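I opened the notebook today to look up the charged pairs and the general layout of one chain. The entries below follow the order in which I checked things.

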Amino acid sequence: MTGTETHVDGPWRYERVENAGHWLPLEAPERVNGLLLDFLAECRASAQAGGRYRTGRGPGEGRLPVGTRGA
């Protein structure tokens, strides 16, 4: 996972979840939910401050961009 940020065009952060395997939402639901809520709050704060990930009202707008560079 480390180094993945170079392939992502959008908000990204790496979090290690100890004592969990491949099925994170099943094995550590409280931790995963907390991390997701924190991440989404950061994205929302950025949008409200006029950052790159603003929401809009047009077709296809209002979503956070997710994808890889060059894809």
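Which residues are linked in a network of salt bridges? I found that R13, E15, R31 and E42 are linked in this way, and I note that the model I was reading is a predicted one.

I then went through the pairs in turn, after a search of the whole structure had returned 4 salt bridges. E15 pairs with R13, where the closest N and O atoms are 3.0 Å apart, and E15 also pairs with R31, where the closest N and O atoms are 3.8 Å apart. Since E15 sits in the segment before α1 and R31 in helix α2 (residues 29–48), I wrote down that this pair ties together parts that are 16 residues apart in sequence.

I looked up the accessibility of these residues as well: E15 is partly exposed at 34% relative accessible area, R13 is partly exposed at 27%, and R31 is partly exposed at 41%. For another salt bridge, between the side chains of E18 and R16, I read 2.9 Å from N to O, and both E18 and R16 are exposed.

My next entry concerns L24, which lies in helix α1 (residues 24–27) and is partly exposed, with a relative accessible area of 29%. Leaving aside neighbours within four places in sequence, I found L24 in contact with V17, P29 and V32.

Last, I noted the chain as a whole, which has 2 helices and 0 strands, and in which buried residues make up 14% of the 71 residues. The chain exposes about 5900 Å², of which carbon and sulfur atoms supply 53%.

How values were computed
Residues are numbered from 1 along each chain as its sequence is written. This is a predicted model: local features need pLDDT of at least 70, side-chain atom pairs count only at pLDDT 80 or more; totals for chains, interfaces and linings use all residues. Side-chain values use heavy atoms; hydrogens and water are left out. Helices (H or I, at least four residues) and strands (E, at least two) are DSSP runs, numbered from the N terminus. Buried means under 20% relative accessible area, exposed over 50%, partly exposed in between (1.4 Å probe, protein chains only). Accessible areas come from the Shrake-Rupley method with a 1.4 Å probe; for residues, only the protein chains shown count as cover. Contact means heavy atoms within 4.5 Å.
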